[in-house]
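Colleague: I would like a close look at a single part of this protein. Please pick one helix and take me through its surroundings step by step.

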Amino acid sequence: MTPTFTEQHPWEEGFAEVFAREIVPRLGPLEKKRRAILAKRKNRLRVVGGVTVVALAAAWLFAPGWEIAAVISAFVAFGALAATILVFSFGQDAFSERVTAEIMPRVADFLGMRFDPKAAERPDIGAFRDAGLVSQYERAGFSDGLAGHYRGVDFTACEASLSKTERDTDSKGRSRTKRVTVFSGVIATFSVPRPAPGVIVIRRDVGRVLNAVFGFFDSRFKGLEKVEIPHAGFEEAFEVRAENPQAARDFVTGPFLDALLALSQGEGEAQPRPVGGAFVGDRFHLTVSGLSLASVGPVSESLDAIEPRLHATLADMRFPLRVIDRFYGE
């Protein structure tokens, strides 16, 4: 049976035709690849199971004592568990990349955007770092880039994963290093109709003590003063700093405050997502932690039942458009 797509939301109008013309012809080869990956995974699991059984039998038959046999069995079980985890992850990355390359550009084109899985056309991460929206990092990875022009606004967005190395010491004085994620989510940059009156930084307010711990008052914010915002809900949720507090107060007015507050409270999500923003010149930089733009399902899910996933993909990839609609009105 040929997969179909039923339009459920206003923004999906016309996608059923795109689905039938652009996506359905690609589902057959993708499903064939998916089944080949699962077949290889099944064969590898059989090998792991066989080797495990033989190793356990040898341990109990030839070990000089039950204590040694038990220790060997524990090592064998641990190795089998590690091998099973590796086998279950086999093929997922290749499958995800193939689906992303085949499907996501068609979805983005339908929404009037450009899509690039490597996010070559992406926001300048340096602007986010300089504004204090992301912490200092050593390694950066970018993916699933979106770019376009909507309602007079130019935008770029992508998923970003930033990390750094930290060193700590255990109770015995031994030092070790570990990789720590400092940001994982979406970064986006939007053009604004008129330049901001200096730098304006908006970050989630977690209280005076934690603001200081998280670096809100570090050296990057020297010269920025606290801005009192006459908006009860916004003032409780965000901390605002600017070079010119009075001009910033006049610049970030009611509709913007309502829109950013609504965005931070999530849209049908179980938990609000941490949101931060900064006006720098004629650009507004936005961060949303824990958000993805073009998620692909696991290789275990058949592409014959792709419709629910595509509904979610359309909603995810509309993120930049939803933000602009928030700020300008539906």
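Modeller: What follows is a walk along one helix, α3, and then to the places around it. Keep in mind that this is a predicted model.

Start with the helix itself. α3 runs over 92-110. It has 19 residues. From its first C-alpha to its last, α3 reaches 26 Å, close to the 27 Å expected at 1.5 Å a residue. Yet α3 has a kink of about 35 degrees. Find T100, because the bend is centred there. After the helix comes G112. Its phi is positive, near 80 degrees.

Now ask which residues of α3 are buried. They are Q92, F95, S96, V99, T100, I103, M104, V107 and A108. Notice that T100, the centre of the kink, is on this list of buried residues. What covers them? The cover includes three helices, α1 (15-62), α2 (66-89) and α9. It also includes the strands β1 (113-116) and β2 (139-150).

Look next at the space beside α3. A search of the whole structure finds 2 cavities of 30 Å³ or more. The second largest cavity holds about 30 Å³ of space. Its lining consists of V99, I103, M104, I306, R309, L310 and T313. Two elements, α3 and α9 (307-317), give two or more residues each to this lining. By class, the lining has 5 nonpolar residues, 1 polar and 1 charged. V99, I103 and M104 thus appear twice in our tour: they are among the buried residues of α3, and they line the cavity.

From M104, step across to S295. This serine is in the loop between β9 (283-289) and α9. Is S295 buried, exposed or in between? S295 has a relative accessible area of 34%, so it counts as partly exposed. Buried would need under 20%, and exposed over 50%. Set aside the neighbours within four places in sequence, and S295 is in contact with M104, T313 and D316. Two of these contacts, M104 and T313, also line the second largest cavity. As for D316, it is 21 residues from S295 in sequence. In space, the two are 8.1 Å apart, C-alpha to C-alpha.

To retrace the route, begin at the kink at T100. Go on to M104 in the cavity lining. Finish at S295, which is in contact with M104.

Terms used. Residues are numbered from 1 along each chain as its sequence is written. This is a predicted model: local features need pLDDT of at least 70, side-chain atom pairs count only at pLDDT 80 or more; totals for chains, interfaces and linings use all residues. Side-chain values use heavy atoms; hydrogens and water are left out. On a 1 Å grid over the protein atoms alone, a cavity is a set of points where a 1.4 Å probe fits but cannot get out, and a pocket is an open set with protein on both sides within 12 Å along at least five of seven lines; lining residues have an atom within 4 Å of a point. Grid points are joined across faces, edges and corners, and a volume is the space filled by probe spheres set on the points. Helices (H or I, at least four residues) and strands (E, at least two) are DSSP runs, numbered from the N terminus. Ala, Val, Leu, Ile, Met, Phe, Trp, Tyr, Cys and Pro count as nonpolar, Asp, Glu, Lys and Arg as charged, and the others, Gly among them, as polar. The expected span of a helix is 1.5 Å times one less than its number of residues. The bend at a residue is the angle between axes fitted to the seven residues ending there and the seven starting there. Buried means under 20% relative accessible area, exposed over 50%, partly exposed in between (1.4 Å probe, protein chains only). Contact means heavy atoms within 4.5 Å.
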